[in-house]
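Morning, everyone. Please bring up the sequence and the model, and keep both in view while I talk.

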Amino acid sequence: MSDAAPENTSDTDTEVRLRSALDQVPAYVPGKPAAAPEGVTAYKVSSNENPYPPLPSVLEVVRDAAASINRYPDMAVTELTQALSDSLGVPAEHVATGTGSVGVLGQVIAATCDPGDEVVYAWRSFEAYPIVTALAGAQSVQVGLDDHARHRLDAMRAAISDRTKVVIVCTPNNPTGPMVRHDELERFLDDVPGRVLVVIDEAYLEFVDDPEAPRSLELYRDRPNVMVLRTFSKAYGLAGLRIGYAVAHPPVASALRKTATPFGVNSIAQAAAVASLKAFDELKERVDALVAERTRVVAALRGQGWFIPDTQANFVWFGLGERSGDFAAAAQQAGLTLRQYGTDGVRATIGETEANDVLIEVAGAWLTEHPVDPA
């Protein structure tokens, strides 16, 4: 053993060294919990959650599955994978699962991006996109939305470079609501280089009732570089169980399984998702009710003079810019917790009828005192 004295170290030499990429990772800002002044009913419409409680049939399955939580879940997610295969009409080997669609998206970026690679997406869009991109050491290429809060696909195509590995198309777009039409998405995909993976993020698919919506599975079938991303968090009401999935061609789907957290999709989530697929007709009644409420809310807000983008999701967007904070604060005073996006705008989830009524009332009163440009 050497008798040499240890070298002197400075304070900085003894600090844990974290990845420099973390300096570029923006913090995810979750929707605030419901809060209200004393005597006022509180409603949380900040997180795009389904306001309905779980179906009794799904709860029963959850209770049964809870009895075996001392065991590891099926890492291959076999039953759910087969159920999705049967439901969607795709081969089971084309299905990959993860902890919510955001978890699967993290798997996508981990499987495709090295430091310095690029990920192209519209902005403003889902807040997790820049986070998962930065964690991989990759670079975000954000393409601004148009005046109607829609994707500018031509500009996104122009933003693709030799360093681009992934393009994400969020339809309907979170947090603004508009969808991409099938014909324009098809033209876009035909023009994207085959080496670039295109992720069609359809977290809000079940709320779409526009006949011009993308037929995403049709688009993926003939294009090895196209994958579809979906979740059980929204329409299915399983947000607390964190389960999502992708449909992709075998090389991509296999890579997603390699980059997944082992045993990440827990046994209760797997059982609940299978039960939810079986109960979809019953769930569809709830989705239809929320879509009807969305139609009512949008009509009321536009009748007040608001410009509300053509939402196909379970939320509406107020593009208020610098006045976003004032509007969110006014809603909070009425017991309505909204989701503010800095100085870009405010998103309100379509919730229970009573919450929607408060939103309409607050929005009307605020607009009377603070006129905005209807365009």
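Start at Gly137. This glycine sits just after helix 4, and its phi is positive, about 80°. One caution before I go on: this is a predicted model.

Now step back into helix 4 itself. The helix covers residues 128-135. Is it enclosed or open? Seven of its eight residues are buried, so the rest of the structure largely encloses helix 4. The buried ones are Ala128, Tyr129, Pro130, Ile131, Val132, Thr133 and Ala134.

What covers those residues? The cover includes helix 3, residues 100-112, and four strands: strand 3 (118-123), strand 4 (139-144), strand 5 (164-170) and strand 6 (197-201).

Let me pick up strand 5 from that list. Strand 5 is mostly covered too, with six of its seven residues buried. Which strands does it pair with? Take strand 3. Strand 3 and strand 5 run parallel, and four bridges join them. In one of those pairings, Val119 has Val166 of strand 5 as its bridge partner.

Then strand 6. Strand 5 and strand 6 also run parallel, joined by five bridges. Here Val169 is partnered with Ile200 in strand 6.

How does the chain get from strand 5 to strand 6? Look at helix 6, residues 182-191. Strand 5, helix 6 and strand 6 form a β-α-β unit, and that unit is right-handed.

Stay on strand 6 for one residue, Val199. Buried or exposed? Val199 has a relative accessible area of 0%, so it counts as buried. Its contacts, beyond four places in sequence, are Val108, Val166, Val167, Ile168, Val169, Met227 and Leu229. You have met two of those already: Val166, the bridge partner of Val119, and Val169, the partner of Ile200. Also compare Val199 with Tyr121. In sequence they are 78 residues apart. In space, C-alpha to C-alpha, they are 9.7 Å apart.

Next, a lysine. UniProt, in an unreviewed entry, lists Lys234 as "modified residue: N6-(pyridoxal phosphate)lysine". Where is it? Lys234 is in the loop between strand 7 (226-231) and strand 8 (244-247). Its relative accessible area is 17%, and the cut-off for buried is under 20%. So Lys234 is buried. What does it touch? Setting aside neighbours within four places, Lys234 is in contact with Ser47, Asn48, Asn50, Ala203, Tyr204 and Phe207.

The same kind of record also gives a domain. The unreviewed UniProt entry lists residues 45-340 as "domain: Aminotransferase class I/classII large". That span is 41% helix and 16% strand. How far apart are its end C-alpha atoms? They lie 11 Å apart.

Last stop: Ser324. This serine lies in helix 11, residues 324-333. Ser324 is buried, with a relative accessible area of 0%. What lies by its side chain? The backbone oxygen of Gly321 is 2.7 Å from a polar atom of that side chain. Further along the sequence, Ser324 touches Gln340, Gly342, Thr343, Asp344, Gly345 and Val346. Gln340 carries the last number of the listed span, 45-340.

To recap. Helix 4 is largely enclosed, because seven of its eight residues are buried. Strand 5 runs parallel to strand 3 and to strand 6. Lys234, the lysine from the UniProt record, is buried in this model. That's my tour. Over to you.

How values were computed
Residues are numbered from 1 along each chain as its sequence is written. This is a predicted model: local features need pLDDT of at least 70, side-chain atom pairs count only at pLDDT 80 or more; totals for chains, interfaces and linings use all residues. Side-chain values use heavy atoms; hydrogens and water are left out. Helices (H or I, at least four residues) and strands (E, at least two) are DSSP runs, numbered from the N terminus. Buried means under 20% relative accessible area, exposed over 50%, partly exposed in between (1.4 Å probe, protein chains only). A polar contact is a pair of N or O atoms within 3.5 Å; within protein, one must be able to donate a hydrogen and the other to accept it, and residues adjacent in sequence count only if both atoms are side-chain atoms. Contact means heavy atoms within 4.5 Å. Two strands pair if DSSP finds at least two bridges between them. A crossover is right-handed if, with the strands pointing away from the viewer, the path from the first strand over the helix to the second runs clockwise. UniProt positions are given in the numbering used here, feature names are shortened, and annotations may be inferred rather than shown by experiment.
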